[in-house]
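Below are my notes on the two-chain model you sent. They are set out as numbered points, to be read alongside the coordinates.

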Amino acid sequence: MSRILIVLVAIFLMVAEANAKDVRVTVNGMVCSLCAHGLNKKFLEHESVEKVDIRFDEKLVVLSLKEGAKIEDDEVQQIVEWAGYEAASIVREDKE
Amino acid sequence: MSLIAVSNPSYALSPQHLSLHFWSWMLLALCYFSPLSAAHAHPVTFQDGSALFLKYQPKLSGTEFNYSYTPRSALGVTHVRFKRNAHETEHYLIPKWNTLYQRWNKPSSQANIYLSAGMGAFHQEDGDSGGALLGSLQADWESRRYYTQFNADLIQAEGDNDLHHFRARVGVAPSLAAFDEIQTFLIAQVSYLPERAEAFQVGPVLRAFYGRYLFEVGMTQDGEFIGTAMIHF
């Protein structure tokens with residue numbers, strides 16, 4: 001019984017990890033709006049992404065996900081590469 | 001919080017009619033003004049991205065449209081109009097392949113080497129015409145504050161209709177803008193085109209970009225206007 005409980009809690013935590021979080025992607029090489037346009041466009045094409053916030057000062061692309069939606073790290077990395085850049089890190093944070 | 005480090009990387013002015021009118025005017029501008037290769041364009045944009053580039057100078061103007069089928073390769077077509085002298089004006093129409101040969105993505109800067117090759121045709125306004133080959137190199141480095149670029153565009157055409165254009169640029173941004181603001185750069189440009197009587201040209205260029213749009217206005221030492229527009233979509 002306790003094992004089942006542990007498994008259920010683990011599954012819950014994994015689902016919670018992928019959902020209801022902002023995804024903060026640090027992108028190397030993102031230095032101008034024309035550069036960032038491709039990132040903005042490509043991320044917005046993803047069905048889970050509701051909003052993209054480009055922050056040059058922090059070298060960040062912040063993805064706000066739709067309610068209950070998720071995006072995997074390898075998808076994030078692939079999209080950044082499609083745009084011609086490199087993801088230095090992917091951080092997930094609870095929405096404020 | 002988790003952190004995953006990534007090793008590398010109607011004539012009633014409906015929107016439809018306004019859009020149609022906009023693109024009609026763009027097409028007219030293309031036909032009329034149609035610089036050497038898309039000199040300061042982005043030869044490759046992003047996967048499934050396209051770029052339209054227009055540059056106007058009274059004696060050398062041009063247009064390029066390209067489509068990036070991968071993040072590193074694009075197919076495009078360029079049109080160059082060159083007024084060689086008071087009596088000779090040539091048009092070059094060249095389908096081309098662009099490749100991002102190398103890119104260095106650093107935390108605060110980006111550097112690129114692009115190569116292009118193409119094969120097409122030229123036509124003189126007096127009726128002479130023939131085949132033309134194009135080869136181009138573009139190297140650039142930019143941060144949010146500084147910008148440098150070098151271009152070499154070579155067209156080898158039948159007869160005595162070659163065109164060789166070399167350009168170097170350095171620029172600085174007076175202030176740093178956010179993604180949804182207008183970013184400006186002050187640029188010094190030097191250009192060498194041996195087929196022109198005034199082969200060396202030097203002048204300032206003001207660049208502004210906003211989102212996916214880029215505009216430039218400048219002037220040569222002879223007072224010749226330089227105008228550029230580019231859009232990514």
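**Notes on the predicted model**

1. I start with a backbone detail. A:Lys59 counts as partly exposed because it has 19 C-beta neighbours inside 10 Å, where 20 or more would make a residue buried. This lysine sits in the loop between β2 and β3 of chain A. Its phi is positive, near 60 degrees, and the residue is not a glycine. Most residues other than glycine have a negative phi.

2. Chain B has a case of its own. B:Asp48, also not a glycine, has a positive phi of about 65 degrees. B:Asp48 lies in the loop between α1 (15-33) and β2 of chain B. Its C-beta neighbours inside 10 Å number 15, so B:Asp48 is classed as partly exposed.

3. On confidence: this is a predicted model, with an ipTM of 0.77 and a pTM of 0.81. Chain B has a mean pLDDT of 84, and 82% of its residues reach 70 or more. Residues 1-14 of chain B fall below 50, yet this stretch has 22 contacts in the model beyond near neighbours in sequence. Residues 24-40 of chain B also stay under 50, and for them the model has 40 contacts beyond four places in sequence.

4. Which secondary structure does chain B have? It consists of one helix and 13 strands. Read from the N terminus, one strand comes before the helix and the remaining strands follow it. Of the 233 residues in chain B, 34% are buried.

5. The largest nonpolar core has 35 residues. Among those with the most contacts inside it are A:Val25, A:Val27, A:Met30 and A:Leu39. At least two residues each come from β1 (21-28), α2 (33-44), β2 (49-55), β3 (60-65), α3 (73-82) and β4 (86-94) of chain A, and from β2 (50-56) of chain B. The element that gives the most to this core is α2(A), with five residues. A second, separate core has eleven residues, including B:Leu60, B:Ile94, B:Phe122 and B:Ala132. In soluble globular proteins, nonpolar side chains tend to be buried together.

6. A:Val76 is another of the residues with the most contacts inside the largest core. Leaving aside neighbours within four places in sequence, A:Val76 is in contact with A:Val23, A:Val25, A:Ile71, A:Ala87 and A:Ile90.

7. Is α2(A) enclosed or exposed? Ten of its twelve residues are buried, so the helix is largely enclosed by the rest of the structure. The buried residues are not confined to nonpolar types: they include A:Ser33, A:His37, A:Lys41 and A:Lys42, alongside A:Leu34, A:Leu39 and A:Phe43. From its first C-alpha to its last, α2(A) reaches 16 Å, close to the 16 Å expected at 1.5 Å a residue.

8. Finally, the interface. Contacts between the chains involve 32 residues of chain B and 30 residues of chain A. On the chain B side, β1 (2-5), β5 (89-106), β6 (109-124), β7 (129-143) and β11 (200-210) give two or more residues each. The largest share, four residues, comes from β1(B). By class, the side of chain B that touches chain A has 14 nonpolar, 13 polar and five charged residues. For any reading of this interface, note that β1 (2-5) of chain B falls in the stretch 1-14, where the pLDDT is below 50.

Methods: Residues numbered from 1 in each chain as written. Chains lettered and ligands numbered in written order. Predicted model: local features only at pLDDT ≥ 70, side-chain atom pairs only at ≥ 80, totals over all residues. Core = buried A, V, L, I, M, F, W, Y, C linked by C-beta atoms within 7 Å. Contact = placed C-beta atoms within 7 Å. Expected span 1.5 Å × (residues − 1). Nonpolar A, V, L, I, M, F, W, Y, C, P; charged D, E, K, R; others polar. pLDDT = per-residue confidence, 0-100.
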